[in-house]
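Hi,

Here is the structure I promised to pass on. Have a look at it first, and then read my notes below.

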2 protein chains.
Amino acid sequence: MLTSQRKSLILDTLRRDGQVIAKQVAESLSLSEDTIRRDLREMAAEGLLKRVHGGAMPLSPELPDFSTRKDVSLAAKRRLGAKAAGLIRPGQMIFLDGGTTTAEVTRQLPRNFGFTVVTHSPTIAADLEHHPTAEVIVIGGRLYKHSMVATGAAAMAAISQLRPDLFFLGVTAAHPVHGLSTGDFEEAAIKRHIAHSSAETYVLLTGEKLDRVSACQVLPVADVSGLIVPEEVTQAQLAPYRSLNAAILAA
Amino acid sequence: MLTSQRKSLILDTLRRDGQVIAKQVAESLSLSEDTIRRDLREMAAEGLLKRVHGGAMPLSPELPDFSTRKDVSLAAKRRLGAKAAGLIRPGQMIFLDGGTTTAEVTRQLPRNFGFTVVTHSPTIAADLEHHPTAEVIVIGGRLYKHSMVATGAAAMAAISQLRPDLFFLGVTAAHPVHGLSTGDFEEAAIKRHIAHSSAETYVLLTGEKLDRVSACQVLPVADVSGLIVPEEVTQAQLAPYRSLNAAILAA
DNA sequence: AATTATCATGCATTTTCACGCAATCCTGTG
DNA sequence: CACAGGATTGCGTGAAAATGCATGATAATT
């Protein structure tokens, strides 16, 4: 295993769990704790994490998630959400993926006509508590806490019974060749299944996700009905996607 | 558990409850009170909180008004929640009903051992996002927005496949003759079904719910394993329930 | 005033840490 | 191919930190 690989693994763990325990990492990688500690020391010096006794913590606990990850692209996400919400027609059944991007769709859903929202994310469902006209259907299953979505056989089975008109998909990366991808295998399978069950699938993509690749592919780009991207993205960046038959909506 | 993590947990508790009790924290984390006291001392030195006998308080005493106003029934709910959470044993499967009372159970779940939480409330599921040791299973179905729980055939079917060890039931009314009841027919059916699927059922009852009746009966009082009530409730009030074989736990 | 609960301190034990050193591996050059 | 130079890793050492327990002091309650 490469050092840089190990370090990014540590960062992933940190993002996912909000903590890293040196002993655990050492054990799971079959390396000495010294090596891990050395890594942690170096990464702390680079300002990537905060060293604490026993392991490491994110730099400023959790709030950078809100203020950094959210604020930076919040305006863009809002516009994506509004664009997506504008596609909805009365009486349709909409499937909303989990994640911060699709959460913005939730907040901008139409309020002047009725429709049905299906979601496997309890967070999204909870956000819809006060929506006046949306009928909400929750997909159950084992909760994958990192992205707060239900997964597993039960979720797959429940999804199979529905035929949504629209699916708003969220992913962590999009690439012309490697397609739309996300970090978790199980999650990717669920997303794929929802897309196959739905009449149309639109991907919401903030600019920084373009031309990137994550571990598990969800779908090829050509398999979705369209990409919704911020208007700042240049035509040059979009050209490789355009040639894949994907409709592109700028928001 | 990392020390820094513990400290931020203490700060969270402080923000949420407006107070921290050393003994409680020690117990919920399976650590000695010395350790917690040491933390509190250090954090007080850093100006993060104000040390008081028995625990700690926030620096700015913004809440004396708050606490007196709201705490009467909230504090009672908290104690009910703590009592309920104390019944949980490692590895068990717990079903949590929806509602504000059971939400307090969620916040006080043990953090020092693993167990599984099942719930048909997306709100409860969302609250468990940052719980370190709880495995969460969401029951899906059509969302009944008034109480924010999944209902309907799909929910019933999913519940049928589980055999929880404990069910913490919330109702709007309890009466010795008319039993435990709630306002919605569909909701009552679901609660009843969960109770029948579970090995043991405990009802959380704040004082004002005693000797009242709502439209739809969930279960007779005799059908549950026990009632969890605030300690202020008098023995005279409880006598009619006691005679129904219901164990009564004062919190 | 008596009793109980909570606290601070010192000490012992365990865990975690940083440093130095040696073994190993990779790389590039003669 | 051989070998030097650098990087990476694991181990031993003593130091530092974290934790729990015992003890006497202090605060709260009755």
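Let's begin with one residue of chain B. Thr13(B) sits in helix α1 of chain B. Is Thr13(B) buried or exposed? Its relative accessible area is 18%, and because buried means under 20%, Thr13(B) counts as buried. Setting aside neighbours within four places in sequence, Thr13(B) is in contact with Gly18(B), Gln19(B) and Val20(B). Keep in mind throughout that this is a predicted model.

That same helix brings us to the DNA. Helix α1 (3–17) of chain B is one of the elements that give two or more residues to the surface near DNA strand D; the others are α3 of chain B, plus α1 (3–17) and α3 of chain A. In total, 16 residues are found around DNA strand D, and the nearest are Arg6(A), Thr35(A), Arg6(B), Thr35(B) and Arg38(B). Of the strand D atoms that come within 4 Å of the protein, 62% belong to sugar and phosphate.

A few atom pairs are worth finding on your screen:

- The side chain of Arg6(A) has an N or O atom 2.7 Å from a phosphate oxygen of DNA strand D.
- Thr35(B) has a polar side-chain atom 2.3 Å from a phosphate oxygen of DNA strand D.
- Asp34(B) has a side-chain N or O atom 3.0 Å from a base nitrogen of DNA strand D.

By class, the surface near strand D is made up of 2 nonpolar, 8 polar and 6 charged residues.

Now for the other strand. How many residues surround DNA strand C? There are 18, with Arg37(A), Gly54(A), Arg37(B), His53(B) and Gly54(B) the closest. Here, sugar and phosphate make up 83% of the strand atoms within 4 Å of the protein. Arg51(A) has a side-chain N or O atom 3.1 Å from a phosphate oxygen of strand C, and for Arg41(B) the distance to a phosphate oxygen of that strand is 3.2 Å. His53(A) has a side-chain N or O atom 3.5 Å from a sugar or linking oxygen of strand C. The elements giving two or more residues to this surface are α3 (33–45) and β2 (50–52) of chain A, along with α3 (33–45) and β2 (50–52) of chain B. Its residues split into 2 nonpolar, 6 polar and 10 charged.

Next, the layout of chain A. Chain A is divided into domain 1 (3–59) and domain 2 (69–250), and the C-alpha centres of the two lie 32 Å apart.

What about the nonpolar cores? The largest has 50 residues, and Phe168(A) and Phe168(B) have the most contacts inside it. Leaving out residues up to four places away in sequence, Phe168(A) touches a list of residues including Leu87(A), Ile94(A), Val105(A), Tyr202(A) and Ile228(A). Another core, of 33 residues, lies apart from that one; among its members are Leu205(A), Val221(A), Leu238(A) and Ile248(A).

One last residue to click on is Ser225(A), in the loop between β13 (216–219) and β14 (226–229) of chain A. Ser225(A) is partly exposed, with a relative accessible area of 24%. Beyond its neighbours within four places in sequence, Ser225(A) is in contact with Glu200(A), Thr201(A), Tyr202(A) and Ala247(A). How far is Ser225(A) from Met57(A)? They are 168 residues apart in sequence and 40 Å apart in space, C-alpha to C-alpha.

Cheers!

Conventions: Residues numbered from 1 in each chain as written. Chains lettered and ligands numbered in written order. Predicted model: local features only at pLDDT ≥ 70, side-chain atom pairs only at ≥ 80, totals over all residues. Heavy atoms only, no water. Domains from an automatic or database assignment. Near = heavy atom within 4 Å. Polar contact = N/O pair within 3.5 Å; in protein donor to acceptor, adjacent residues only side chain to side chain. Helix = DSSP H or I, 4+ residues; strand = E, 2+ residues; numbered from the N terminus. Nonpolar A, V, L, I, M, F, W, Y, C, P; charged D, E, K, R; others polar. Buried < 20%, exposed > 50% of the residue type's maximum accessible area, 1.4 Å probe, protein only. Contact = heavy atoms within 4.5 Å. Core = buried A, V, L, I, M, F, W, Y, C linked by side-chain atoms within 4.5 Å.
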